[in-house]
Amino acid sequence: MKRILLYLLPVLLFFSCVDQHKQPIEEPTPEHEIVDTVPEVSVVEPFPDTVFASAEKLLVQIDTIDKTLPSTLASIEDAYKNKPGIFTFRGSSSRIPNFSGHLTDDSIQFKVDWVFTTRTDGFKTSVGVFEGGSGWTGQALYVNWPDSIVEQFKANPACRNLHNQEIILASLCGDVYFIDFETGEKSRECHNVGNVLKGTPALNTDLNGHVYIGHGAKKEATFGTQVFDLFSHKMINTFGIDPKAWRGWGGYDSSPVEAGGFLFRPAENGTIYKYYVGDGGYTLQSTMRYSTTSAKKSPGMESSMAVCRNYGYIGDNAGNILCINLNTLCPVWHYWNHDDTDASPIVEEEDGIPYVYTGCEVDHQGNAGFCYFVKLNGLTGELVWEDTIPCRKLHFGDNTSDGGMYVTPLIGGGDCEGMIFSAFCLHTAQSPDIFVAFDKNDGSELYRINLKCYCWSSPVAFYNDRNEMFVFFGDVMGNVYLIKGKTGEIVATAKIGTNFEASPIVVDNKIIIGSRGNKIYKLSLQ
């Protein structure tokens, strides 16, 4: 393991981004002012409209599709703050969970409250057979509908069983399921999209009933995205293969994110789509395509974008980490993190400075290499610290599982303030996977523990009455873990599912987590 601490004086190129109709990004002109330090940023103001030298390496094309629509965010607040539920991956625009569970002192055993069975589908796609249940990232959404909206829904015969608390989950079999949180029964009829669904959908924050769905692998239907209206119980928008994309694959594993009246959809075709949703509609406002070479060949984005104020942060299949100005879709900075990055970054603001945490896989490095887990300055893209963890690929039959990081890391709270947690697929004889606690300030490892199998399921937090933090997640052999965050002690573990690739959500002391195969579980800690 090697840790590197870099405290570099940032050099800010203080100039405006290119016009949205020009590509690539032009060289600085004389009117661009070069300054030695990052300007001070007010805690209530948008981040600067600047471009760093690292972003000039990119070939960028930004197209405005509808010039009648606004382009500037109406608000820089977290669009998911104070909403009655978990409406996107991790529930917040920063991808730091806006939810956590509560434990009592005797909450040391897992109990299965209900099991929901999905359909299975043996259709063979170009990338395998997916069957049913939940894959990666596969997180459920949760919403506690107001009574007035429940009554409106019930006017539709497809929603007669609906109560206030509802789970919305996209399954590998191609169905979107609606499940009563309390009973585990169907709350309304499922919606079939005709293709595999791997990622996490998103729910409109204005409670207008729009569910944003992205397809994961092609079966037979139009391959791309959909918008499903919960009031009419019908699909109201479909977007298929984009002929203007710089990459041909039309998957959308990334969970969409709202910001300031817009919805941002990073795609595996190398495009970021910006939709205007401020009036309750859904209209494409602009697109951003990019490449790190002179040819228009773009990496795909499977990670979910993290947002802080007017900046968005995203990783791609080639190892690029980008900061995007969401008002203009212009890149602010670019950081190369060595290898394929599927795990979603998180961004945390401290004293007015956003810090980004992310890690890569061992894919392009060959059979063995390193996961580079990094902390970046979110204003400049400079490296704050880096931890390198040796990992390998795992070969089984005709299949290969890359090593490295697939989970979205978890910021510590309570007695774990100043810590950050993640899991890493080592695929070694000594350990298939490790769970590691880091010091958030300098990246030093505080402890690491071996797991029974490798882990793609992102960790979530529980707290007891003494504000002690516990961490929950699952692994790909169906084991679940509850770990004491401060010490790494495994408080509880159990074999429950077939394969927990999916990430869990927590409501009170209840856990919703999907397994590959055909099972969705509601667990409690008692």
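## A guided tour of the predicted model

Begin with the largest nonpolar core, which has 46 residues; among them, Trp 145, Leu 203, Leu 230 and Phe 264 touch the most other members. A nonpolar core is a set of buried Ala, Val, Leu, Ile, Met, Phe, Trp, Tyr and Cys residues joined through side-chain atoms within 4.5 Å. Buried means under 20% relative accessible area, exposed over 50%, and partly exposed in between, with a 1.4 Å probe and protein chains only. Next, select helix 1 (residues 147-153), which gives the most to this core, with 3 residues. Helices (H or I, at least four residues) and strands (E, at least two) are DSSP runs, numbered from the N terminus.

This is a predicted model, in which local features need pLDDT of at least 70 and side-chain atom pairs count only at pLDDT 80 or more, while totals for chains, interfaces and linings use all residues. Residues are numbered from 1 along each chain as its sequence is written, and side-chain values use heavy atoms, with hydrogens and water left out.

Now centre the view on Leu 203. Leaving aside neighbours within four places in sequence, Leu 203 is in contact (heavy atoms within 4.5 Å) with residues including Tyr 80, Phe 87, Trp 145, Ile 168, Tyr 212, Leu 230 and Glu 258. A second, separate core of 38 residues includes Trp 385, Tyr 463, Val 471 and Ile 483.

### The open sheet

Tyr 463 leads to the next stop, strand 39 (residues 460-463). Val 460 and Phe 462 point one way from this strand, Ala 461 and Tyr 463 point the other way, and all are buried. In a regular strand, side chains alternate between the two faces of the sheet.

Display the surrounding strands: strand 39 belongs to an open sheet of 5 strands in the order 6-39-40-41-42, with mixed pairing. Strand 6 and strand 42 (490-495) stand at the edges with a single partner strand each, so one side of each is left without a neighbour in the sheet. Two strands pair if DSSP finds at least two bridges between them.

On one side, strand 6 (residues 101-102) runs parallel to strand 39, joined by 2 bridges, and His 102 stands opposite Tyr 463. Strand 40 (residues 469-474) runs antiparallel to strand 39, with 4 bridges. Here Val 460 has Phe 472 as its bridge partner, and Tyr 463 stands opposite Met 469. The two strands form a hairpin with 5 residues between them, and Asn 467 in the turn has a positive phi of about 65°.

### A second hairpin

Select strand 25 (residues 320-325) together with strand 26, which pair in the antiparallel sense over 6 bridges. Strand 26 (residues 330-336) is mostly covered, with 6 of its 7 residues buried. Asn 325 stands opposite Cys 330. This hairpin has 4 residues between the strands, and Leu 329 takes a positive phi near 65°.

### Aromatic rings

The structure holds 30 aromatic pairs. Rings of Phe, Tyr and Trp (its six-membered ring) pair if their centres lie within 6.5 Å; planes under 30 degrees apart count as stacked, over 60 as edge-to-face and the rest as tilted.

Select Phe 373 and Phe 438: the ring centres are 4.9 Å apart and the planes are at 50°, so the pair is tilted. This pair links distant parts of the chain, with Phe 373 in strand 30 (residues 368-377) and Phe 438 in strand 37 (residues 433-439), 65 residues apart. Both Phe 373 and Phe 438 are buried.

Add Phe 424, whose ring has its centre 6.0 Å from that of Phe 438 and its plane at 80° to it, so this pair is edge-to-face. Phe 424 lies in strand 36 (residues 419-425), 14 residues from Phe 438, and Phe 424 is also buried. Extend the selection to the cluster that ring pairs form from Tyr 357, Phe 373, Trp 385, Phe 424 and Phe 438.

Two charged side chains come next. The charged end of Arg 188 sits over the ring of Phe 178, 5.5 Å from its centre, and that of Lys 522 sits over the ring of Phe 181, 4.1 Å from its centre. A charge sits over a ring if NZ of Lys or CZ of Arg is within 6 Å of the ring centre and within 35 degrees of the ring normal.

### Final stop: Ser 524

Ser 524 is found in strand 45 (residues 519-525) and is buried, with a relative accessible area of 0%. Leaving aside neighbours within four places in sequence, Ser 524 is in contact with Gln 109, Phe 110, Lys 111, Asp 113, Asn 509 and Lys 510.
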